[in-house]
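Here is a short report on one structure. It covers salt bridges, a pocket, a surface patch and a few single residues.

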Amino acid sequence: MTFSITIIITAITVIVSLMGFNSPKVIDNLIFYGPAISRHRQYYRFITCGFIHADFMHLAFNMLAFYSFGQYLELGLFSSPDIFGSEAPFYYIMLYVGALIISSVPDYFRHKDDYHFRSLGASGAVSAVIFACIVLYPTLPISFFFLPGIPGWIFGLLYLGISAYLDKQGGGRINHGAHLWGAVFGIVYTVLFVSLKGNINIWQNFISNISG
């Protein structure tokens, strides 16, 4: 039986997160914490923070979204001969890992000497995966809490606007900045590498989908 990269990442994240629920030391060692990076060069925290979660609901929500969109992106859209074909696994892994890093970079510059700020969760990478799907298939129906299924490109505009607003407001326990920058990375990464490697005009594909 062959396991997809999505399933492997999901399984690792669930296992490590469950370990963290039972051990504060696991959380302390892996969480994004600016002073540990700036003063002790623990750069691995840019990635490891995405494999731990605050509680079961946080974990379940992120992994359900990741599995749903990740399987579709990895085994469908990215694997298309017109996009990455056999090289899809490499570009998929780089999308996920790159999003984990990039979504935390703004937090690093804001909080590198802040002893009170900590961040954890895969939300930045999950946002990147969702927005890669939206770029390639903008009319993909997406449901979110109270909203019925709406075209992905409309959901994307709402998501970006709300995340930017809430990030500017600050406060709360949700890192809206990670959501925002993960989504932006997903868009830029997909447009850049599909334009370089794919056999489709990504802009024409996007416009023809939403206009058709």
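## Arg118 and its partner

Arg118 is partly exposed, because its relative accessibility is 40% and the partly exposed class runs between 20% and 50%. The model is predicted. Asp28 also has a relative accessibility of 40%, so Asp28 counts as partly exposed. The side chains of Arg118 and Asp28 form a salt bridge, with N to O at 3.4 Å. This pair ties together distant parts of the chain, 90 residues apart. Arg118 sits in the loop between α7 (105-111) and α8, and Asp28 sits in helix α2 (residues 24-30).

## Other salt bridges

The count of salt bridges comes to four. One of them joins the side chains of Lys197 and Glu87, again with N to O at 3.4 Å. Lys197 belongs to helix α10, while Glu87 lies in the loop between α5 (56-77) and α6 (88-102). The two are 110 residues apart, and the pair links distant parts of the chain. Lys197 has a relative accessible area of 37%, so Lys197 is partly exposed. Glu87 is partly exposed too, because its relative accessible area is 37%.

Arg110 forms a salt bridge with Asp167. Their closest N and O atoms are 3.0 Å apart. Here helix α7 supplies Arg110 and helix α9 supplies Asp167. The partners are 57 residues apart and link distant parts of the chain. Which of the classes buried and partly exposed fits Asp167? Asp167 is buried, because its relative accessibility is 16% and the cut-off for buried is under 20%. Arg110, at 48% relative accessibility, counts as partly exposed.

## The second largest pocket

The second largest pocket has a volume of about 220 Å³. Its lining includes the aromatic names Phe131, Trp153, Trp203 and Phe206. Ile134, Val135, Leu157, Leu160, Ile187, Val191 and Ile202 are also in the lining, as is Gly156. By class, the lining has 11 nonpolar residues, one polar residue and no charged residues. Gly156 is the polar one, because Gly counts as polar.

Which helix gives the most to this lining? Helix α9 does, with four residues. Helices α8 (123-136), α9, α10 (176-197) and α11 (202-211) each supply at least two lining residues.

## A nonpolar patch

Trp153, Ile154, Leu157, Leu158, Ile162, Tyr165 and Leu166 make a nonpolar surface patch. The patch covers about 640 Å². Trp153 and Leu157 are named in this patch, and Trp153 and Leu157 also line the second largest pocket.

Ile154, one of the patch residues, is placed in helix α9 (residues 152-169). Ile154 has a relative accessible area of 32%, so Ile154 is partly exposed. The patch rule asks for over 30% relative accessible area, and Ile154 has 32%.

## Backbone at Arg41

What is the sign of phi at Arg41? Phi is positive there, about 60°, although Arg41 is not a glycine. Most residues other than glycine have a negative phi. Arg41 lies in the loop between α3 (34-40) and α4 (45-48).

His40 is placed in helix α3. Is His40 buried or exposed? His40 is exposed, because its relative accessible area is 56% and exposed means over 50%. The C-alpha atoms of His40 and Leu120 are separated by 19 Å, and the two residues are 80 residues apart along the chain.

## Two loop residues

Asp114 is placed in the loop between α7 and α8. Its relative accessibility is 23%, so Asp114 counts as partly exposed. The C-alpha atoms of Asp114 and Pro35 are separated by 6.6 Å. Along the chain, Asp114 and Pro35 are 79 residues apart.

Phe51 is placed in the loop between α4 and α5. Phe51 is buried, because its relative accessible area is 18%. The C-alpha atoms of Phe51 and Ile31 are separated by 8.8 Å. Along the chain, Phe51 and Ile31 are 20 residues apart.

Conventions: Residues are numbered from 1 along each chain as its sequence is written. This is a predicted model: local features need pLDDT of at least 70, side-chain atom pairs count only at pLDDT 80 or more; totals for chains, interfaces and linings use all residues. Side-chain values use heavy atoms; hydrogens and water are left out. Patches are made of residues with over 30% relative accessible area and no salt bridge: like charges are joined within 9 Å, nonpolar side chains (Val, Leu, Ile, Met, Phe, Trp, Tyr) within 5 Å. Accessible areas come from the Shrake-Rupley method with a 1.4 Å probe; for residues, only the protein chains shown count as cover. Buried means under 20% relative accessible area, exposed over 50%, partly exposed in between (1.4 Å probe, protein chains only). On a 1 Å grid over the protein atoms alone, a cavity is a set of points where a 1.4 Å probe fits but cannot get out, and a pocket is an open set with protein on both sides within 12 Å along at least five of seven lines; lining residues have an atom within 4 Å of a point. Grid points are joined across faces, edges and corners, and a volume is the space filled by probe spheres set on the points.
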